[in-house]
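Student: Please take a close look at one part of this model, the packing of its helices, and then set that part against the rest of the chain.

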Amino acid sequence: MVKEMMVLVRKSKLKQAISPSWMGGRMSLTANLGSVLRKKYNETLDKQHGDEELDFILPLFERQAKVSHVPKSDEFLIELINTKDGYHFFAYPFEGRQVHEIMAALIAYRLGRVQPISFSIAMNDYGFELLSEQPIPLDENSIKDLFSPVNLTDDIVASINATEMARRKFRDIACISGLVFQGYPGKYVANKHLQSSASLFFNVFSDYDKHNLLLRQSYDEAFYQQIEEPRLAAALHRVQASKVIIIKTDSYTPLCFPIKVDSLRDNMSSEELSQRIERMTSESEKRVQVKEKSKKMTIDCKGEQLILSNERAIYWPARKMLIISDLHIGKSAHFRKSGIQVPDAINHTDLQRLTTLMSEFNPENLLVTGDMFHNNINSDANAFMHWRNGYANLKVILIKGNHDNLKNEDYEALGIEVHQKELLLAPFRFIHDKPGEVDEYYNITGHIHPGVVIYGRAKQQLKFPCFYFGKHCAILPAFSVFTGLKILDAEQGDCFYAITPAKVVRV
């Protein structure tokens, strides 16, 4: 009970306590504090100060001066370092994290206009880093043009659309608007789950509803709340009036090391997505010596030939069977019924992809390993009924999943043969959830929505849905685009086949 300025409590009899905690935050340097910081840097080496703290960190400054340079208040330092991680571009404006985040995106965008290139971006209150696996197209004679305040507003708008600032803002917007469920008091949803759900909605709106109000709000907040354009312009004018010092070194310096280990990173690219995927997956293909480069990949599993399609499906030629999982028909309509305006184009896209597969393989059987329908009969299910009428001779088989709650008469009306638990077609057992037994049958399941991350140099990474083949079980990717991904941990002997827009890649 709270009475005036006093809180009255009683001692709990529980053995374990729930302690409130604060995750902390970072307050960016102000313009005045940045100016004082630059001044203190000058005083440290000159020893013209009375601060004990500066005497304590003097060895760091001496080390910085030995391997690189300590910038004076009228100098602007840039360090270029080439390591096994890639090509590093460190700049030190001393304007605070918030300004550096925008400045880094701005410089990355301007460099990207010279040639298509991808960057990993890190920043702190002292400076920022651009890291690329390609040589950075930097003309040392035109550094000041790169940091020019000319066309600043237009370039900021262009660069912010290429970063993940809006995506991070969208998470808070999704939570406040009720788009994602945060949990109950004392039992909150984990942060990574909130981020995953918000990211899924962000991707769906970006692909299918670019004018969504919540999506536009995220860009507006990133632009008007996070971008301090007047401070950025002032910083760029100061760079124009400063002497630019460019240092090339083979190792990290004391000044760049805190930026290097900073955990908050963005990605920015002026490359086409297909170019990034081709470049990053080529290394994986070299490691596993893959020769096939079509949209499909043929593998042997338990003596049977299976064709993996980049449309998230398997074709089994011996049975003339197309196999998919987690179609989730009706999911977008179910969300709309709950007041969340998910575009209906998602369901049409999934059915169009299914039509493409039917034309490509001409199967006699369609097997869905669970979660064919997301909930009940709705407008999306009616669209599937119309699609089904166009394939009257197609045998549709469903192993019921946790979302398949239609009535038996609904399945009969759609011409779907339903199996409650499993379907045995030697040498395979088709189920929806994880296998409960290991015997002579090889289990093929779904439900998990498996994903894999492909890593490249310079902290570059791309996430894709995948086919997983383990010792006793294979897991199919979710067929619907309106699903998340669970990144699986690899064990000895496991095979992952990443599904990229252009092809299937073994990684």
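Tutor: The answer starts with the whole chain, goes on to the helix packing and the cores, and ends with some buried loop and strand residues.

This is a predicted model, in which local features need pLDDT of at least 70, side-chain atom pairs count only at pLDDT 80 or more, and totals for chains, interfaces and linings use all residues. Residues are numbered from 1 along each chain as its sequence is written, and side-chain values use heavy atoms, with hydrogens and water left out.

The protein chain has 16 helices and 26 strands; these are DSSP runs numbered from the N terminus, helices being H or I of at least four residues and strands E of at least two. Its C-alpha atoms fill a box of roughly 85 × 70 × 45 Å along the principal axes. Of the 507 residues, 50% are buried, where buried means under 20% relative accessible area, exposed over 50%, and partly exposed in between, with a 1.4 Å probe and protein chains only. The accessible surface comes to about 26,600 Å², with 51% of it belonging to carbon and sulfur atoms; areas come from the Shrake-Rupley method with a 1.4 Å probe, and for residues only the protein chains shown count as cover. Among contacts between residues at least 6 apart in sequence, 71% join residues at least 24 apart, a contact being heavy atoms within 4.5 Å.

Now the helices. Two packed helices are described by the angle between their axes and the distance between the axes. Axes here are lines fitted to C-alpha atoms, for helices over the stretch in contact, and angles run from 0 to 180 degrees between N-to-C directions. The axes of helix 7 (residues 165–177) and helix 8 (residues 191–208) cross at roughly 105 degrees and come within 9 Å. Helix 7 is therefore roughly perpendicular to helix 8; angles under 35 degrees count as roughly parallel, over 145 as roughly antiparallel, 65 to 115 as roughly perpendicular and the rest as oblique. On the helix 7 side the contact is made by Ala166, Arg167, Phe170, Arg171, Ala174 and Cys175, and on the helix 8 side the residues include Leu194, Ala198, Phe201, Phe202 and Phe205. By class, this contact of helix 7 with helix 8 has 9 nonpolar, 4 polar and 2 charged residues. In that scheme Ala, Val, Leu, Ile, Met, Phe, Trp, Tyr, Cys and Pro are nonpolar, Asp, Glu, Lys and Arg are charged, and the others, Gly among them, are polar.

Helix 4 and helix 6 (residues 152–160) pack at about 90 degrees, with axes 9 Å apart, which means that helix 4 is roughly perpendicular to helix 6. Ala105, Leu106, Tyr109 and Arg110 of helix 4 meet Leu152, Asp155, Ile156, Ala158 and Ser159 of helix 6. The classes in the contact of helix 4 with helix 6 are 6 nonpolar, 1 polar and 2 charged residues.

The largest nonpolar core has 35 residues, of which Phe89, Met103, Phe128, Leu130, Phe147 and Leu232 touch the most other members. Such a core is a set of buried Ala, Val, Leu, Ile, Met, Phe, Trp, Tyr and Cys residues joined through side-chain atoms within 4.5 Å. Helix 4 (residues 97–112) gives this core its largest share, 8 residues. Leaving out residues up to four places away in sequence, Phe147 touches Met103, Ile107 and Arg110, among others. Another core, of 28 residues, lies apart from it and has Ile329, Phe373, Ala383 and Leu394 among its members.

The loop between strand 14 (321–324) and helix 13 (331–337) holds Ser325, which counts as buried because its relative accessibility is 0%. Beyond neighbours within four places in sequence, Ser325 contacts Thr369, Gly370, Gly446, His447, Leu476, Pro477, Ala478 and Phe479. Asp326 is in the loop between strand 14 and helix 13, and is also buried, at 0% relative accessibility.

Most residues other than glycine have a negative phi, and most peptide bonds are trans. Phi of Asp326 is positive, near 55 degrees. Phi of Asp371 is likewise positive, near 55 degrees; Asp371 is buried, with a relative accessible area of 2%. The peptide bond from Ala426 to Pro427 is cis, with omega near 10 degrees.

Finally, Cys466 is found in strand 22 (residues 461–469) and is buried, at 0% relative accessible area. Among the residues that Cys466 touches, not counting those up to four places away in sequence, are Leu476 and Pro477.
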